[in-house]
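Me: I should like to understand how the terms used for a protein model are justified. Would you please take me through them one at a time?

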Amino acid sequence: MGCSLSPIIADIVLDDLFDKILPQLNDSVQFCVKYVDDTFLSVDENKIDFVLNTFNSYHPEIQFTLEVENNCCLPFLDVSVIKNTNGSVDICHYKKPTCSGRLLNYNSNQPYSYKINCAKNLINRTLTLSDSKFHDNLIPEIYSTLIDNNYPKNLIKKLIQNRNSNSTHQNISNNLPPIYYSFPYLGETSYKVEKTMKTLVPSIKFGHKSYNPLKSNFFSNLKDSDKKDENSGIVYKLDCNDCNSSYIGESGQFLKKRMYQHKYDIKNEKTSTALSAHAFENNHNFNFDEVKIIRKEDHYKKRKTLEAFFINQTKNSINFKTDVGNTVCIYQNLLDSMQ
């Protein structure tokens, strides 16, 4: 079902199938439950082939297979339906034989909240889909699965014990509506930023996103990458050929046009930028052919902020103090708390 419409179309087709097939079965089907294309039926044993052939007669391209109960047990979706001698049924969480048991590994470079929620989801799903009399047998399976994914035993025990707790959490935001903010996950740095920001804005809630996903490392874009000179909305770095100084700049124009402007300023002895002033006053040259694009950002204010940060972080930067302005000063306390 690669297409987003596939589940909807499948529902429509299966609804039509059942509307046409069930009347043909008369009283052969005593009980019927359907979820998309998975169907659970209660049928007399001597009428199984008749029911299957009737379903398969709907369309030659739609053919059903069946699985009959084994030892009074039949899997359906994520549960095993168990028939008791008194006619009642029990349900227990079911794992397919092909289930690998692989979850988000506890040692992976992912937010801690993701790992906790992953473990909670496994615990809740396993126990919620099972009658309570099966819980004692399922809990060791939960332990085994989580331990195989490097979750600590003490953490697993705590999560299981707290599953049904009704602990209340103090609302520290004074009933203010939460402010949601997406922030790249950078390990411990992300937690320091989050902690600092919550002291300033108690109602803020962070959602972490991947900063360097595997997709960007292993899969290239289908389109050819732009030539460096044709990039716009950039923060760039130029190194001096005659000393270890560097210049950080930003531009919404194409890089080649911005480099032409720098060359023009140097040629005409203009000192409007720190780069041309350094070149004119010291008779130094810059390596324009090796200009480095250090960040792309189309939004002007964000680009200026990035420029200020990179200027502040670059040793031997020749940029004017006015290039930074108050941008870094505003966030200096935050930067200091992260160190």
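Reply: The terms are taken up below, each with its definition.

Reply: This is a predicted model, in which local features need pLDDT of at least 70, side-chain atom pairs count only at pLDDT 80 or more, and totals for chains, interfaces and linings use all residues. Residues are numbered from 1 along each chain as its sequence is written, and side-chain values use heavy atoms, with hydrogens and water left out.

Me: What makes a stretch of the protein chain a helix or a strand, and how many of each are there?

Reply: Helices are DSSP runs of H or I with at least four residues, strands are runs of E with at least two, and both are numbered from the N terminus. The protein chain has eleven helices and ten strands.

Me: Why is aspartate 15 called partly exposed?

Reply: Buried means under 20% relative accessible area and exposed means over 50%, with partly exposed in between (1.4 Å probe, protein chains only). Aspartate 15 has a relative accessibility of 39%, so it counts as partly exposed. This aspartate lies in helix H1 (residues 6-21). Aspartate 15 and aspartate 37 are 22 residues apart in sequence, and their C-alpha atoms are 9.7 Å apart in space.

Me: What share of the residues in the protein chain is buried?

Reply: Of the 339 residues in the protein chain, 30% are buried.

Me: Why is strand S9 described as largely enclosed by the rest of the structure?

Reply: Six of the six residues of strand S9 (residues 246-251) are buried, so the strand is largely enclosed. Ser246, Ile248 and Glu250 point one way from S9, Tyr247, Gly249 and Ser251 point the other way, and all are buried.

Me: How do you know that strand S8 pairs with S9?

Reply: Two strands pair if DSSP finds at least two bridges between them. Strand S8 (residues 234-239) and S9 run antiparallel and are joined by six bridges, so the requirement is met. Leucine 238 has tyrosine 247 in S9 as its bridge partner. The two strands are connected by a hairpin of six residues.

Me: What makes S3, S4 and S5 a sheet, and which strands are its edges?

Reply: Strands of a sheet pair through backbone hydrogen bonds, either parallel or antiparallel. Here three strands form an open sheet in the order S3-S4-S5, with antiparallel pairing. Strand S3 (73-76) and S5 are the edge strands, since each pairs on one side only. Neighbouring strands of this sheet are turned by 25° against each other on average, direction ignored.

Me: How do you know that strands S4 and S5 pair?

Reply: Strand S4 (residues 79-83) and strand S5 (residues 89-93) are antiparallel and share five bridges. Valine 81 stands opposite isoleucine 91, and isoleucine 82 stands opposite aspartate 90. Their hairpin has five residues between the strands, and glycine 87 in it takes a positive phi near 95°.

Me: Why are helices H3 and H4 called roughly antiparallel?

Reply: Axes are lines fitted to C-alpha atoms, for helices over the stretch in contact, and angles run from 0 to 180 degrees between N-to-C directions. Angles under 35 degrees count as roughly parallel, over 145 as roughly antiparallel, 65 to 115 as roughly perpendicular and the rest as oblique. The axes of H3 and helix H4 (residues 135-148) come within 10 Å and cross at roughly 155°, and H3 and H4 are therefore roughly antiparallel.

Me: Which classes of residue make up the contact of H3 with H4?

Reply: Contact means heavy atoms within 4.5 Å. Among the residues in this contact are Leu122 and Thr126 of H3 and Leu138 and Thr145 of H4. Ala, Val, Leu, Ile, Met, Phe, Trp, Tyr, Cys and Pro count as nonpolar, Asp, Glu, Lys and Arg as charged, and the others, Gly among them, as polar. On that basis, the contact of H3 with H4 has eight nonpolar, three polar and no charged residues.

Me: What makes H3 oblique to H5?

Reply: The axes of helix H3 (residues 112-128) and helix H5 (residues 153-161) come within 10 Å and cross at roughly 60°. That angle makes H3 oblique to H5. The contact includes Tyr112 and Lys120 of H3 and Leu155 of H5, and its residues divide into seven nonpolar, no polar and one charged.

Me: Why are H4 and H5 also called oblique?

Reply: The axes of H4 and H5 come within 10 Å and cross at roughly 140°. H4 and H5 are therefore oblique to each other.
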